Amino acid sequence: MRSDTTLELISSITSATTEAELLQKMQAVARAIGYDQVLFGIEMRIPGGTPLQHSTSGYPMEYQELYQHRAFLTRDPTVAHCQKNAKPLVWCQRMYTQDTYEIMEESSRFGLGHGLSLPVHEAGLVLSMLSLARDKPLESDEERRRVIAAGNVLAHCVHVASENIILPGLLASRRPHLSPREQQCFQLVALGKTNWDIGQHLKISSETAAVHVKSVLNKLGVSTRMQAVAIGVALGMIKP
């Protein structure tokens with residue numbers, strides 16, 4: 001396919017409005033640059049909390065189920081690389097260890113034996129990886145250069161699109177439900193107010209304010225106000 005047509009396909013990624021449309025457009029680009037399968041994973045790191053993770057996969061469903069059942073995520077060398085490095089990874093046998101060899105075998109069985117993974121790191125808080133896979137290796141240095149160049153642009157476009165399509169739902173799933181009074185107290189905690197200050201502002205006793213603040217901390221799963229505020233900012237519950 002002509003390079004200008006491929007660029008048009010890649011640029012169309014940012015116009016996707018749903019996850020299904022995003023996957024469809026990623027698959028079109030993958031095929032245009034010689035790959036059969038595509039996967040996109042995103043991780044948002046929450047200060048003091050468990051990272052939020054989500055994947056959008058076009059891989060065979062049987063492989064996805066096997067991947068989850070055998071907990072490959074915790075051992076996958078492509079994931080480990082993309083979490084720590086910003087450079088593309090071209091898959092090769094050397095990246096597998098005795099502990100991860102079965103991942104290579106199962107990937108090959110489903111036509112996913114060769115590929116590349118392209119990470120995008122955003123300020124250390126939001127990480128993503130795009131993986132392109134097929135059943136044959138790269139044929140030349142020129143093909144390697146071409147697919148890495150196209151893949152890098154695609155990875156960044158998908159990352160940008162995911163911030164509008166995927167991240168809002170991911171964050172919403174982690175936000176605890178706070179009562180109106182708890183929300184008021186939380187906003188004042190973020191301003192550095194003490195329980196006495198909160199009580200004066202809301203015309204309640206400091207003891208009652210303390211109860212509401214403690215409830216907020218419990219719902220966020222933290223023990224200190226600073227941790228609560230950090231998570232609140234990350235989840236969009238508090239505006240910095």
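These are my notes on what I looked up in this structure, which is a predicted model.

**Aromatic rings**

I started with the rings and got four aromatic pairs. I took Y63 and Y67 to begin with: their ring centres are 5.9 Å apart and the planes sit at 50°, so I logged the pair as tilted. The tilted class needs an angle that is neither under 30 degrees nor over 60, so 50° fits. Both tyrosines are in helix 3, four residues apart, which puts about one helical turn between them. That agrees with the textbook picture: an α-helix has 3.6 residues a turn, so residues three or four places apart point the same way.

Are Y63 and Y67 buried or exposed? Y63 has 4% relative accessibility and counts as buried. Y67 comes out at 18%, and because the cut-off for buried is under 20%, Y67 counts as buried too.

Next I followed Y67 to its pair with F72, which is edge-to-face, with 5.6 Å from centre to centre and 85° between the planes. F72 is buried, at a relative accessible area of 0%. Putting the ring pairs together, I get a cluster that links Y59, Y63, Y67, F72 and F110.

One more ring went into the notebook, this time with a charge: R134 lies over the face of Y35, 4.7 Å from the ring centre.

**The largest pocket**

I then went looking for pockets. The largest has a volume of about 680 Å³. Which residues lie nearest its centre? I noted L39, S55, Y67, L73 and V79, out of 29 lining residues. So Y67 turns up again, after its ring pairs with Y63 and F72.

By class, I count 15 nonpolar, twelve polar and two charged residues in that lining. I also checked which elements contribute: strand 1 (37–44), strand 2 (52–57), helix 3, helix 4, helix 5 and strand 5 (126–134) each supply at least two lining residues.

**Helix 5 and what covers it**

Helix 5 supplies part of that lining, and I wanted to know which of its residues are buried. Within 101–109, I103, M104, E106 and S107 are buried. What covers them includes helix 3 (61–69) and helix 4 (77–84). Just after helix 5, I noted that G111 takes a positive phi of about 75°.

While on helix 4, I looked at H81, which is placed there. H81 has 17% relative accessibility and counts as buried. Leaving aside neighbours within four places in sequence, H81 is in contact with K87, P88 and L89.

**Positive phi without glycine**

G111 is a glycine, so I also went after positive phi values in other residues.

A71 has one, at about 55°, although it is not a glycine. A71 is in the loop between helix 3 and helix 4, and at 38% relative accessibility it counts as partly exposed.

K203 is another residue other than glycine with a positive value, its phi being near 60°. I found K203 in the loop between helix 9 (195–202) and helix 10 (206–220). K203 counts as exposed, at 75% relative accessibility.

**M26**

M26 is in helix 2 (residues 19–32). Its relative accessible area is 0%, so I put M26 down as buried. What does M26 contact, leaving aside neighbours within four places in sequence? I listed I13, V38, F40, T56, L130 and V158. Of these, V38 and F40 fall within strand 1, while T56 falls within strand 2 and L130 within strand 5.

I also ran a distance from M26 to D76: the two are 50 residues apart in sequence and 22 Å apart in space, C-alpha to C-alpha.

**T50**

Last entry. T50 is in the loop between strand 1 and strand 2. Is T50 buried or exposed? T50 counts as exposed, with 59% relative accessibility. For its distance to R174, I have 9.9 Å C-alpha to C-alpha, across 124 residues in sequence.

Conventions: Residues numbered from 1 in each chain as written. Predicted model: local features only at pLDDT ≥ 70, side-chain atom pairs only at ≥ 80, totals over all residues. Heavy atoms only, no water. Buried < 20%, exposed > 50% of the residue type's maximum accessible area, 1.4 Å probe, protein only. Contact = heavy atoms within 4.5 Å. Phe/Tyr/Trp six-rings, centres within 6.5 Å; stacked < 30°, edge-to-face > 60°. Lys NZ or Arg CZ within 6 Å of the ring centre and 35° of its normal. 1 Å grid on protein atoms, 1.4 Å probe; cavity = no way out; pocket = protein on both sides within 12 Å on 5 of 7 lines; lining within 4 Å. Points joined across faces, edges and corners; volume = space filled by probe spheres on them. Nonpolar A, V, L, I, M, F, W, Y, C, P; charged D, E, K, R; others polar.
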